[in-house]
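Here are my notes for anyone opening this one for the first time. Have a look at the sequence and the fold, then go through the points with the picture beside you.

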Amino acid sequence: MSMMSGMSKPFETGETVASFKEYEAAQKAVSSLIAGEVPAADIAIVGTALRTVEKVTGRLGYAQAAWTGALNGALLGLLFVAMIAIWNPGAPFGSFAGYLLVAVALGMLLRIATYAMVRRRRDFASVTQVSADHYEVTVLSRSYGKARQVLGGVAVARPAQPAAAPVAPPVAQEPPRFGVRVDPSAPTATPAVPPTPVVPQTPVWTPEGDASSAPVSQPEAPKDPDADRA
């Protein structure tokens, strides 16, 4: 019961310390971590993007099914004969050969019967393999620092950050003008503001010796053209 509960509970993987494309490279990294005294119970290999590859090895017919069943029956027969020889060493050799032939015949019959039931759905033999896109070596947080020291220059695969979208500069809206229709979809520029005119200033004369008064500047009054004519 404890074994079933342990299988159903998800494993604690921890943090990724290295990522590899091949499973053999991940195995070597685990060996290096164990040799560097990282607790083996803290290490895990996580396969990402799992896929199943089924390699077809050939066409399956009654002859192939009978041959496969005979081989399986012979293996089971040899195991059975070995057990009888251990329990009853004085048994005659002919009985061992009989048991082996019976096992071969039963294996052939069972395999042929199985093929007859599934041949319309599956008439080929294949080998299935499970592979992953890449393999990550992970350790628990308590051993992360030590694992990084052991692996040293092994690069950690990190997800690529998406590029930031370019931000368009703000477009100033032109103020509405009376009698002119403005297209709201067309960008407009901010109207130029005329500079403020600078008024010339003239100094004011003050009597000498008056320390309390300081020269101040006053704006020059505009001249009256009518006064010049007079």
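**Notes on the model**

1. Start with confidence. Helix 1 (residues 2-8) has the lowest confidence in the chain, with a mean of 48, while helix 2 (residues 23-35) has the highest, at 93. Keep in mind that this is a predicted model. Across residues 155-161 the pLDDT drops below 50, and beyond near neighbours in sequence that stretch has seven contacts in the model. Residues 209-214 also stay under 50, with two contacts beyond four places in sequence. Averaged over the chain, the pLDDT is 75, and 63% of the residues score at least 70.

2. Next, the overall layout. There are six helices and five strands in the chain, and reading along the sequence gives α-β-α-β-α-α-β-α-β-β-α. Of the 230 residues, 17% count as buried. The exposed area comes to about 18,400 Å², with carbon and sulfur atoms supplying 63% of it. For contacts with a separation of 6 or more, 76% are between residues 24 or more positions apart.

3. Now helices 3 and 4. Helix 3 (62-87) has 26 residues and runs 37 Å from its first C-alpha to its last, close to the 38 Å expected at 1.5 Å a residue. Helix 4 (residues 93-118) also has 26 residues, and its end C-alpha atoms lie 38 Å apart; that agrees with the expected span, because 1.5 Å a residue should give 38 Å.

4. What do the buried residues of helix 4 pack against? They pack against helix 3, and the buried residues of helix 4 are Phe96, Ala103, Gly107 and Tyr115. Seen from the other side, helix 4 is part of what covers the buried residues of helix 3. Those buried residues of helix 3 are Ala65, Ala66, Gly69, Ala70, Gly73, Gly77, Val81 and Ile84. As background, an α-helix has 3.6 residues a turn, so residues three or four places apart point the same way.

5. Helix 3 has something to show at the surface too. Leucine 79 sits in helix 3, and Leu79 joins Met83, Ile86 and Trp87 in a nonpolar surface patch of about 500 Å².

6. Two residues of strand 3 (residues 124-139) are worth clicking on, and alanine 125 is one of that strand's residues. Alanine 125 is partly exposed, because its relative accessible area is 25%, between the 20% and 50% cut-offs. Leaving aside neighbours within four places in sequence, alanine 125 touches Lys55, Val56, Thr57, Gly58 and Leu60. Its C-alpha is separated by 9.3 Å from that of glutamine 64, which is 61 residues apart from alanine 125 along the chain.

7. Serine 131 is also placed in strand 3. Is serine 131 buried or exposed? Serine 131 counts as buried, because its relative accessibility is 17%, and buried means under 20%. Setting aside neighbours within four places in sequence, serine 131 is in contact with Ala49, Leu50, Arg51 and Val53.

8. How many salt bridges does the structure hold? There are three. In one, the side chains of lysine 21 and aspartate 133 meet at 3.5 Å, N to O. This pair links distant parts of the chain, 112 residues apart: lysine 21 is in the loop between strand 1 (15-20) and helix 2, and aspartate 133 is in strand 3. Lysine 21 is exposed at 55% relative accessible area, whereas aspartate 133 is partly exposed at 38%.

9. Another salt bridge pairs glutamate 37 with lysine 146, with the closest N and O atoms 3.9 Å apart. Here, too, distant parts of the chain are linked, 109 residues apart: glutamate 37 is in the loop between helix 2 and strand 2 (43-59), and lysine 146 is in helix 5 (residues 144-151). Glutamate 37 counts as exposed at 61%, and lysine 146 as partly exposed at 38%.

10. The remaining salt bridge joins arginine 142 and aspartate 42, whose closest N and O atoms are 2.8 Å apart. Arginine 142 is in the loop between strand 3 and helix 5, and aspartate 42 is in the loop between helix 2 and strand 2, 100 residues apart. Arginine 142 is exposed, with a relative accessible area of 67%, whereas aspartate 42 counts as buried at 3%.

Definitions and conventions:
Residues numbered from 1 in each chain as written. Predicted model: local features only at pLDDT ≥ 70, side-chain atom pairs only at ≥ 80, totals over all residues. Heavy atoms only, no water. pLDDT = per-residue confidence, 0-100. Helix = DSSP H or I, 4+ residues; strand = E, 2+ residues; numbered from the N terminus. Contact = heavy atoms within 4.5 Å. Expected span 1.5 Å × (residues − 1). Buried < 20%, exposed > 50% of the residue type's maximum accessible area, 1.4 Å probe, protein only. Patch = residues over 30% accessible without salt bridge, like charges linked within 9 Å, V, L, I, M, F, W, Y side chains within 5 Å. Areas by Shrake-Rupley, 256 points an atom, 1.4 Å probe, with all protein chains shown as cover. Salt bridge = Lys/Arg side-chain N within 4 Å of Asp/Glu carboxyl O.
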